Amino acid sequence: MRTSLMIWWQTAAVLLILFCSLSASAATPKGDWLLLPDRVWTGNGDAAHDGWAVLIHDGAIAAVGPIATVNAPAGARRVELPGATLTPGLIDLHSHLFLHPYNEMLWNDQVLTEPQDYRTLEAAAHAKSTLLAGFTTLRDLGTEGAGYADVSVKRAIDEGLIPGPRLFVATRAIVATASYGPGPRGFRPDIELHGGAQEVSGVDQAMAAVREQAARGADWIKIYGDYRVGPDGGTAPTFTPAELKALVDTAHQIGRPVAVHAASDAGVRMAVEAGVDSVEHGYGASEATFRLLKQHGTAYEPTLTAVDATSEYFQHYVPGKSEPTATMKEAERAFRTALKVGVIIGNGSDVGVFAHGTNWREPAAMVRDGMTPTQALHAATDVAAKILRQSQHFGRIAPGMDADLAAFSGDPSTRIDDLQHPVFVMKAGIPYLTPAATP
Ligand SMILES: [Zn+2]
């Protein structure tokens, strides 16, 4: 009895070692892969190409074209992707890995009650579900009270400790004093509240905060150009023009682009005039203000899904059943105006407000509100890579680019909702989702 049990354990141990070494070798970045989807959408132009193949060598794209023209070396591993379309790995330019949906827990409660250690573990889990959804790059716009923990999550991903997308992080984000939550409005004035971002007043503090955050690992500087600071809690600009200019100039001098949260027309306009690189939300921006974005080459992330989600949570909106809410209509108007004017529109969803791994909802919302499926795909690939200043590394399927790729069942270049069904994900030549492993 005892002997047979021991033999069983030994066999199990051998199998386990064998299994581990197999899966470890499957994750090696070295080697050649031949990907054989039904079609390839490269990000160059709009058409998807039937019967094309992509060859990967040592983490980079070696060749792309009709199967007959792609010569794979003898040892290349073949991945058949029947019924699927291969695209560049998708990019979401506005995420919060340290938040989870507000219908699970309100933002105030997440920031005030969840320990930073726990939030960091949550962020790791969120990073994994994001990557497996086909999103190989995120710009994460602020930890919302979790300090510099995003820098550690990025490091753990880069070192291969945990699976996740490439991260461009903003660390703590910068707000004007007493102009961001939790509170102070609605809380008794004699308690010290843990802030959702770093508070500054005056040019000196603004410059110091940019330098601190950059030194600790911020790739982008995130600022809040307006917030609910009006006398009745309405949205109004927070920083003075001098503070805005100090923030932007200091960031630019040390090579950090600036993303601004701005929802009001005045807030957006002031930020663009100060020289920010991207505007987030922009729901209240006028046509004249969007023309200013176009003139300055300022990018715009519409975050339509954040509005959909908060409408569901707090305004009884039921998708497909109820009329769009007033805030949804306002966001749609802004998006359509930006599209008409020809502003550079990047895919940025504000995921975290809604569930990580469902980032596809933003391209789908952009198509619902007026983009073609290929416009939305560009916004989430080559256009987003350009906004990140990473066009030479990823965002398109072309020889020499990093092998960041995703495949979806169906054809998202004609039916954007097909982005819901990833069947293959590769980042830097390492596959993270393959058809055999698809649940
Ligand atoms: Zn956000």
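**Figure 1. The whole chain, with its 13 helices and 20 strands.** Helices are DSSP runs of H or I with at least four residues, strands are runs of E with at least two, and both are numbered from the N terminus. What you're looking at is a predicted model, where local features need pLDDT of at least 70, side-chain atom pairs count only at pLDDT 80 or more, and totals for chains, interfaces and linings use all residues. Residue numbers start from 1 along each chain as its sequence is written. The radius of gyration comes out at 23 Å, close to the 22 Å that the globule rule gives for 439 residues, so the chain is as compact as a globular protein of that length. (That radius is taken over C-alpha atoms, and the rule is 2.2 Å times the number of residues to the power 0.38.) Along the principal axes, the C-alpha atoms fill a box of roughly 75 × 60 × 50 Å.

**Figure 2. Where domain 1 meets domain 2.** The domain assignment, an automatic or database one, gives domain 1 as 29-89 + 362-439 and domain 2 as 90-359. Their C-alpha centres sit 28 Å apart. The contact draws on 26 residues from domain 1 and 29 residues from domain 2, with residues in contact if their C-beta atoms, placed from the backbone, lie within 7 Å. On the domain 1 side, α11 (361-368), α13 (382-387), β18 (405-409), β19 (422-427) and β20 (430-433) each chip in at least two residues. By class, that side has 18 nonpolar, four polar and four charged residues. (Ala, Val, Leu, Ile, Met, Phe, Trp, Tyr, Cys and Pro count as nonpolar, Asp, Glu, Lys and Arg as charged, and the others, Gly among them, as polar.)

**Figure 3. Helix α9 with α10 and α11.** The axes of α9 (residues 304-314) and α10 (residues 326-341) come within 9 Å and cross at roughly 170 degrees. That makes α9 roughly antiparallel to α10. Axes here are lines fitted to C-alpha atoms, for helices over the stretch in contact, with angles from 0 to 180 degrees between N-to-C directions. Angles under 35 degrees count as roughly parallel, over 145 as roughly antiparallel, 65 to 115 as roughly perpendicular and the rest as oblique. From α9, Leu 304, Val 307, Asp 308 and Ser 311 meet Thr 327, Met 328, Ala 331 and Phe 335 of α10. With α11, the α9 axis comes within 8 Å and crosses at roughly 95 degrees, so the two are roughly perpendicular. Here Leu 304, Thr 305 and Asp 308 of α9 meet Arg 361, Glu 362, Ala 365 and Met 366 of α11. This contact has three nonpolar, one polar and three charged residues.

**Figure 4. An open sheet of three strands, in the order β6-β7-β8.** The pairing is parallel, and strands pair if DSSP finds at least two bridges between them. β6 (90-95) and β8 (166-169) stand at the edges with a single partner strand each, so one side of each has no neighbour in the sheet. The twist averages 15 degrees from one strand to the next. Four bridges join β7 (residues 135-140) to β8, and Leu 138 has Leu 167 as its bridge partner in β8.

**Figure 5. Backbone oddities in two loops.** Most residues other than glycine have a negative phi, and most peptide bonds are trans. The Gly 181 to Pro 182 bond is cis, with omega near -10 degrees, and Gly 183 to Pro 184 is cis too, with omega near -5 degrees. Pro 182 sits in the loop between β9 (174-176) and β10 (198-200), and Pro 184 lies between β9 and β10 as well. Asp 58, in the loop between β3 (52-57) and β4 (60-66), has a positive phi near 50 degrees.

Technical notes:
Two residues are in contact if their C-beta atoms, placed from the backbone, lie within 7 Å.
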